[in-house]
Amino acid sequence: MHVVNEAPHHADLIEDLLEVAFGPDRHQKTVYRLREGVAAIPGLSLVAETEDGGFRGTLRFWPVHIRTATGKMEKILLLGPIAVESGLRNTGVGTLLMTEGLARAKAMGWDAVLLVGDEPYYSRFGFKRSLAEGLQLPGPVDVNRFLGLELKDGVLNSVSGMVEPAVPAYGASV
């Protein structure tokens with residue numbers, strides 16, 4: 001199993017997997033509002049494949065904006081969705097995608113990552129509820145599932161307020 005950049009031929013496979021994993025109403029969730037009209041980050045839209053090219057899972061990252069007290073915009077990512085073929089859950093595919101994705105994000109100079117998910121699962125990658133406590137999302141969400149991870153120490157201590165969608169060109173220019 002290895003991780004590769006998402007390519008156009010993966011689009012239908014990814015859409016089918018997300019439909020099964022999250023259902024047809026997934027586009028109504030708050031995090032999808034932050035993705036509308038914004039491209040996922042090139043090099044951080046990933047697919048897990050077998051050695052012979054068999055599709056096994058997907059992970060994407062999206063740029064979001066959060067203003068600091070001085071008005072500076074930090075380089076923050078929104079992780080998700082991550083999904084693995086149902087017969088391969090709990091086999092390490094998700095861990096492989098997460099580990100590779102977070103390493104790439106850090107290498108690309110991103111400061112932090114936010115997500116909505118289960119803290120018991122994501123805490124093993126360093127995500128904590130406490131790192132997102134000063135932030136809000138633009139719609140309903142279970143705040144206990146809103147988590148943060150700093151790729152640059154202290155960056156989430158300098159931000160608070162509403163997480164905003166990135167401008168469409170932002171994802172392509174970072």
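This passage looks at the largest pocket of the structure and then at its salt bridges.

The model is a predicted one, so local features need pLDDT of at least 70 and side-chain atom pairs count only at pLDDT 80 or more, while totals for chains, interfaces and linings use all residues. Residues are numbered from 1 along each chain as its sequence is written, and side-chain values use heavy atoms, with hydrogens and water left out.

Start with the empty space. A pocket here is an open set of points on a 1 Å grid over the protein atoms alone, where a 1.4 Å probe fits and protein lies on both sides within 12 Å along at least five of seven lines. The largest one has a volume of about 840 Å³, counted as the space filled by probe spheres set on the points, which are joined across faces, edges and corners. Its lining (residues with an atom within 4 Å of a point) runs to 35 residues, with Phe22, Ile82, Val116, Gly117 and Tyr122 nearest the centre.

Several elements share the job of lining this pocket. Helices (DSSP runs of H or I, at least four residues) and strands (E, at least two) are numbered from the N terminus. At least two lining residues each come from H1 (11-22), H2 (30-33), E4 (76-84), H3 (93-107), E5 (112-116) and H4 (119-122). Strand E4 gives the largest share, six residues. Sorted by class, the lining has 18 nonpolar residues (Ala, Val, Leu, Ile, Met, Phe, Trp, Tyr, Cys and Pro), eight charged ones (Asp, Glu, Lys and Arg) and nine polar ones (the others, Gly among them).

As for salt bridges (a side-chain nitrogen of Lys or Arg within 4 Å of a carboxyl oxygen of Asp or Glu), the whole structure has three. In one of them, Arg60 meets Glu6 at 2.9 Å, N to O. Arg60 sits in strand E3 (residues 55-65) and Glu6 in the loop between E1 (2-5) and H1, so this pair ties together parts 54 residues apart in sequence. Arg60 is buried (under 20% relative accessible area) at 16%, whereas Glu6 is partly exposed (between that and the over 50% of exposed residues, with a 1.4 Å probe and protein chains only) at 27%.

Another bridge joins Asp118 and Arg145, whose closest N and O atoms are 2.2 Å apart. This pair also links distant parts of the chain: Asp118 is in the loop between E5 and H4, and Arg145, 27 residues away, is in the loop between E6 (135-136) and E7 (146-150). Both are partly exposed, Asp118 at 44% and Arg145 at 30%.

Arg104 and Glu100 pair up within helix H3, with 2.8 Å between their closest N and O atoms. Being four residues apart, they are separated by about one helical turn.
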